[in-house]
Amino acid sequence: MMMIRRFRNQHAVLLAIVVIGTICIVLFMSPKPIRQETEYPLDEWVRTPTIDCYGHFRAYGHEFAWLQYSHILSNTTFSVPCDSKVPAYNFRYSIEGPLQMWMGNLMPYPTAYITDQDSHYVTAPTFVIKRIEAHNLYHTLCEWMNVFLVSKVMKLNASLVDIVWIDDRPPSPLDDTWTVLFDNVYIYKRDENLVYKNLIWNIIGYNSPINFHNLPAAPYFEDFRDFFLKAYGVSDEKRLDCNILKITVILRKDYMTHPERKELFNGLVHRKFKNEDEIVDNVKSVFTQATVETVILEQMSMLDQLKVMTQTDVLIGMHGAGMSHVMFLPAHAAVFEIFPQYWGFLRHFKAFARWRGVKYFGWKNEDLKNEFDGFYTYIPSSVVREHCQKILNWRCMW
């Protein structure tokens with residue numbers, strides 16, 4: 001009996017060694033799926049590309065790739081001139097993003113066919129984008145940032161690059177902004193016989209540096225902000241004047257945020273104020289000489305949103321994509337972000353504020369009695385007045 005137990009113990013130890021050894025080999029041989037959020041070595045990726053197919057395929061940091069004389073054969077299949085088998089290459093975030101699937105489907109064609117006279121050549125650098133959350137300002141901002149970022153490090157003028165969408169997302173109010181920021185923006189059509197002289201598989205939105213909230217600084221963050229405002233012709237010259245402060249309160253209303261997933265959301269928006277008028281009255285009771293404005297962003301054009309935010313001294317709102325406008329506040333501004341009891345204290349816009357040098361205040365409800373049906377949260381008057389007073393003391397009482 002003792003011999004059998006000893007054998008089983010030895011067998012278990014050997015099995016554990018084999019399993020651990022296999023895991024170590026996989027981890028050692030494969031690119032790490034998730035990097036440390038405290039670094040974003042963009043310059044290193046550009047300096048050390050993986051080059052194959054006589055330079056027609058170049059991949060950078062397991063994040064993006066540059067294809068030359070490439071064809072889009074379908075929503076999931078591309079071709080590139082290559083007289084041998086296309087290289088094996090792994091991209092990060094293979095589950096959330098499409099790049100690994102595109103890589104697996106990449107087809108070679110003879111380099112002799114590059115000059116095929118039956119094809120139409122697209123000369124402008126073209127970014128292929130499969131949008132993931134096309135109706136969400138924050139996640140779309142990540143997509144815009146990534147186009148600008150790659151354009152910057154690859155010595156391209158972001159205003160002059162083309163965008164081809166390779167997805168089936170329904171129309172979004174954010175679609176117009178793509179056309180303002182970049183040159184030609186269009187949806188891929190299968191029957192077009194196009195050859196892209198420079199086709200870029202872009203960094204996916206989830207892997208944008210502005211989605212890594214522990215970064216001490218987001219690369220080209222201010223440059224991207226300037227690029228965005230310049231594209232809309234919006235001036236950023238507001239100076240602090242404590243006698244005429246501008247306070248903006250973002251209100252969230254029910255609307256169809258994700259038409260492609262309406263069976264899941266059904267137009268019901270989370271994180272809404274229960275007592276909007278009371279909140280505004282409390283803000284006015286502290287900022288007695290300020291102009292207090294409420295906005296419903298989904299009812300405004302992007303141009304109008306930017307005009308408001310670049311003139312805002314204090315931004316107040318529930319956590320949500322609209323708080324992405326922290327990026328466009330003046331450098332002297334402050335932000336007060338509020339979270340309901342059922343939501344985590346997320347760091348998205350606290351990071352934005354840190355990268356911009358904007359003062360950040362946050363508060364999370366911990367009292368279930370303040371939560372109501374329909375995802376409404378009551379914000380106590382004392383909370384609003386206390387945080388507004390902190391902001392006023394910090395900025396305007398020396």
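User: What counts as a contact here, and what share of contacts between residues at least 6 apart in sequence join residues at least 24 apart?
Analyst: Contact means heavy atoms within 4.5 Å. The structure is a predicted model. Among its contacts between residues at least 6 apart in sequence, the share that joins residues at least 24 apart is 73%.

User: How many helices and strands does the protein have, and what percentage of its residues is buried?
Analyst: The secondary structure comes to 11 helices and 20 strands. A residue is buried when its relative accessible area is under 20%. Of the 398 residues in the protein, the buried part is 52%.

User: How many residues of strand β16 are buried?
Analyst: Strand β16 covers residues 314-318. V314, I316 and M318 point one way from the strand, L315 and G317 point the other way, and all are buried. The strand is thus mostly covered, and the count of buried residues is 5 of 5.

User: Why do the residues of β16 point in two directions?
Analyst: In β16, V314, I316 and M318 point one way, while L315 and G317 point the other way. The reason is that in a regular strand the side chains alternate between the two faces of the sheet.

User: Which strands pair with β16, and in what sense?
Analyst: Strand β13, residues 246-250, pairs with β16 over 4 bridges, and I250 stands opposite G317 of β16. Strand β17, residues 334-339, is joined to β16 by 5 bridges, with L315 opposite V335. The partners are β13 and β17, and the sense is parallel.

User: How many salt bridges are there, and which residues are linked in a network with R131?
Analyst: A salt bridge needs a side-chain nitrogen of Lys or Arg within 4 Å of a carboxyl oxygen of Asp or Glu. By this rule the count is 13. The residues linked with R131 in a network of salt bridges are D167 and D175.

User: How far apart in sequence are R131 and D175, which form a salt bridge?
Analyst: The closest N and O atoms of R131 and D175 are 3.2 Å apart. R131 is in the loop between β8 and α4, whereas D175 is in helix α5, so the pair links distant parts of the chain. The separation is 44 residues.

User: Are R131 and D175 buried or exposed?
Analyst: The cut-off for buried is a relative accessible area under 20%. R131 has 4% and D175 has 16%. Because these values fall under the cut-off, R131 and D175 are buried.

User: Which helices does the salt bridge between K152 and D223 link?
Analyst: The closest N and O atoms of K152 and D223 are 4.0 Å apart. K152 counts as partly exposed at 37% relative accessibility, and D223 is partly exposed at 33%. The two residues are 71 apart in sequence, and the helices they link are α4 and α6.

User: In the salt bridge between K364 and E366, which residue is buried and which is exposed?
Analyst: The closest N and O atoms of this pair are 3.9 Å apart. Buried means under 20% relative accessible area and exposed means over 50%. K364 is at 17% and E366 is at 59%. Therefore the buried residue is K364 and the exposed residue is E366.

User: What is the volume of the largest cavity?
Analyst: The structure holds 5 cavities of 30 Å³ or more. The largest of them has a volume of about 80 Å³.

User: Which residues lie closest to the centre of the largest cavity, among the 13 that line it?
Analyst: By class, the lining has 9 nonpolar, 2 polar and 2 charged residues. Helix α3 and strand β8 each supply at least two residues of this lining. Of the 13, those closest to the centre are K130, E143, N202, I203 and I204.

User: Which residues does S151 touch, not counting residues up to four places away in sequence?
Analyst: S151 is placed in helix α4. Its relative accessibility is 0%, so S151 counts as buried. With those sequence neighbours set aside, S151 touches F127, L156, A158 and V161.

User: Which residues are in contact with H348, leaving aside its neighbours within four places in sequence?
Analyst: H348 lies in helix α10, residues 348-356. At 15% relative accessibility, H348 counts as buried. Its contacts beyond those neighbours are Y138, N211, H213 and H319.

How values were computed:
Residues numbered from 1 in each chain as written. Predicted model: local features only at pLDDT ≥ 70, side-chain atom pairs only at ≥ 80, totals over all residues. Heavy atoms only, no water. Buried < 20%, exposed > 50% of the residue type's maximum accessible area, 1.4 Å probe, protein only. 1 Å grid on protein atoms, 1.4 Å probe; cavity = no way out; pocket = protein on both sides within 12 Å on 5 of 7 lines; lining within 4 Å. Points joined across faces, edges and corners; volume = space filled by probe spheres on them. Nonpolar A, V, L, I, M, F, W, Y, C, P; charged D, E, K, R; others polar. Pairing = 2+ DSSP bridges.
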